[in-house]
Amino acid sequence: MTSPDSVTNGSSPVSPRFAPAAAVRTLFLKVGVLPFFLVAALIIFSLVSGNFLSLENLTNVARQSVYLILVSLGQMIVLITGGFDLAVGTTIALTSVVSALAMVALATAMPDYVWLVIALGCLAGFAAALAVGCLNGVGIAQFGVSPFIMTLGVQSVGAGTALFLTGGVPVSRLPYEFGNLFGFGRVLGMPVPVLIAIVAIVVIWIMMNRTRLGAHIYAVGGNKKAAHLSGVNTKKVLFSAYAICALLASLAGLLLTARVESGETNLGGSVALESIAACVIAGVSLRGGIGRVESVVLGAFFIVLVQNGMNIAQIGSYLQMVLLGGLLILAVILDQLRYRILVGRA
Amino acid sequence: MSQPPLVEMTGISKEFPGVKALSDIDFRLDRGEVHVLFGENGAGKSTLISIISGVHPPTAGTMQIEGKEVAFRSVYDARQAGIGTVFQEFSLVPTLTVFENVHLGQEPRRGLFVDRRAMERSTEALFRDLGFEVDIRAPVAQLSRAQQQMVEIAKALHAKARVLILDEPTASLTEKETEKLFSFMRRAKENGVGIIYISHRIQEFAEIADRITVLRDGKLIGTVKADTVSERDLVELMTGRAIDKVYPHITRRPDGETLLSLRGIVASGVRGVDIGVRAGEVLGLAGLVGSGKSRVWRSILGLQPLKAGTVTLRGKDVTGLPTRKLLKSGIFYLPPDRKGEGLVLTASARDNIRLSLLGRRDLAGAFGMPSPARSKTEADAIGARVDLPPRAFSKAVATLSGGNQQKVLFGKGFGEDHLVYIFDEPTVGVDMGTRSQLYLLIRDLAESGKAVVIVSSDLPEVMHLSHRLLVFSSGRISAELEGQDIVEETILRHFFSETRVSA
């Protein structure tokens, strides 16, 4: 744990006991638990291993966190509308399987046009994900099914479809160029997945902060009825949120497929929990209406950082699941506490 | 030449499942007119404006805007037709800033992107024009209730509406702010804007209204010119009976024992309050929404954190006990939101009343388990006591009218003998007939020696029923009035005063 000394620097010497506590409180109320978790993780894991804070390891973490960042951005959008998406894992699996099957089939049909095959394969993957997103969107926006049940149901539908399409066997013999570029490639010295993630982050930031759709997403989550009374088409906004979430998950799915060089039905198994954890730790409110893109990126980075640290500390993967679940619950409890203090003040 | 009226509604009816909210209403709004809609809670005013502003379509009837027939399918349609509405339930998003809220639904754009700079600039200009002092970059959640009201008004005005609907806009404004709003309304009038104005404050009408339309129980009672009608006439039109027939006389027991005593209560929105509740007396609490009149009770009952103070019930310290124990030791609390906090909507009226009988030993059957037969008999007896029609007993509460739902809620207080009855907004959204029945129940309780507390935003109600009236302002008691001193003017004056004045 952090020692008291580590937070006292910068505080006024007049009331040395009270001021740091007040500063911590203000920071907690303003930004939530993420900074505290991040500092704690950095301290603990750097004590465990000297390698943890090396540039090489941190770059590695950044590259690994690309996939979770993409999914978390989608999850954030849905959480801000006041829902959540449990089907992100299935979206990844379905994207992986459908795009891989399409590429393999097209590659035998037209072996000379590799890049066209890859492009069409990716489009097929996006289309499959969009279908999942639209299914969620229609159920939740049009029929008013609770997001929990709808996405849980779609989760099963998607997973079943992916298994049915492949018979549970990984789809191999993808075009070599696909994995070479999107899995391991570098442009200007930067890994391609990282570049793609940066572009996605910028696009989503602009969407959430500078477009009408973004403003409406925040409004619907903040007070759906008020948004409706202000003339916002709340159904369209909800629908779009789930569709965009699926597309972001799908992007992560394609990059993962490129990385493992085969279409897999078991990709994205734990990503629903991880992405929700990343968002909640980053201060996205489960009640909707609140959440920042930049924090969520950091939140996803934090989750991968912790996983990386636990690997370095040689904590087994089973125990990692236990810790991750506990972390999520702890974050939610602290979020409740923060909300109560904020409301009590008002 | 005569221009067509701004709004002309003919034969408008509206039915919600099980309830006829409006029947056959004709309504006309002219250019440059302030037209007041007047009626009690539940008379259909809100339903009527929800039809004009596109929230609900009418079941029957036609509506013309400037001579053109319209059928709004959404709030957006109505806005496009130039109708701006300030809803009573705030249509603000608490997590967004003021300027984002003002522009919500019609954000200015530059190309693909929302022009935030333009949003800030035009909001600033608008607030300057209105003379409202609000930080436009603050999230709405941080504003006071009155400030939120101002944002709401600014939002409707911003749309350059030709028809402006204000649903109780002054309910939480100070006199100064109200004056600003009125001068703004006069300017809007001169520009030909038609204003539909809903308010309970009769004394405002002389100052601002041109015509007044009175509704009662969903029916049109009449439209009168504001300068030809007296306050007394209006109240009689509204209630359909003389005032003294609605509110029963309640005999006060002299020198009743103080049953419940609060000392130095501090909680969110409550800043140090002492109250003694006496047996055989009706204690009223008046004040604006957010003045703390309701939160005092919620905090001592453990429904929100109690920060300081002591609570004694018949000399026993009960401070900070869990809600369940407080209720068991003799306090009955009637929550203000019957759908959200009071009733199990999917259960029958009988089963709702039965819930309050689970602790009754004498109704237990074999092995001390609740006996269905005995509790049914008892629940039905209580239903009869509160004048619930017998056919309502087995119906799901959600399908009952607001009045009957409220009777069920009252019925939950008659299962066991309590010492103190706290009624928080006992007649909200209830028609006049049911009200007078509920008032009789309250009278019976007080006259049988119980301590009764009435918290109400309905000023006539709390004025006429209370023996002693506490006026709340900003979390404190600003006045304590008794008997003859309970008059509207005095009460309204203390709604905004900070210092305590004893009468």
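Start on chain B of this predicted model and pick out the open sheet of 4 strands, which runs in the order E14-E13-E16-E17 with antiparallel pairing. To find its borders, select residues 270-278 for strand E14 and 316-317 for strand E17 of chain B; these are the edge strands, and each of them pairs on one side only.

Stay at the E17 border for a moment. Select residues 306-313 of chain B, and you have strand E16, tied to E17(B) by 2 bridges, with the two strands running antiparallel. Want a specific pair to click on? Go for Thr312(B), whose bridge partner in E17(B) is Asp317(B).

Now zoom out and colour chain B by domain. Paint 7-244 as domain 1, 245-330 plus 419-503 as domain 2, and 339-417 as domain 3. Note that domain 2 comes in two segments, so remember to select both 245-330 and 419-503, as the domain assignment gives them. With the colours on, how far apart do the C-alpha centres of domain 1 and domain 2 of chain B lie? The distance is 32 Å.

Last stop: bring chain A into view and look at where it meets chain B. The contact takes 25 residues from chain B and 19 residues from chain A. On the chain B side, select helix H2 (75-80) and strand E8 (113-114), the elements that give two or more residues to the side touching chain A. H2(B) provides the largest share there, with 3 residues. Finally, colour that side of chain B by residue class: you'll get 15 nonpolar, 6 polar and 4 charged residues.

Note on methods: Residues are numbered from 1 along each chain as its sequence is written. Chains are lettered from A and ligands numbered from 1 in the order in which they are written. This is a predicted model: local features need pLDDT of at least 70, side-chain atom pairs count only at pLDDT 80 or more; totals for chains, interfaces and linings use all residues. Two strands pair if DSSP finds at least two bridges between them. Two residues are in contact if their C-beta atoms, placed from the backbone, lie within 7 Å. Ala, Val, Leu, Ile, Met, Phe, Trp, Tyr, Cys and Pro count as nonpolar, Asp, Glu, Lys and Arg as charged, and the others, Gly among them, as polar.
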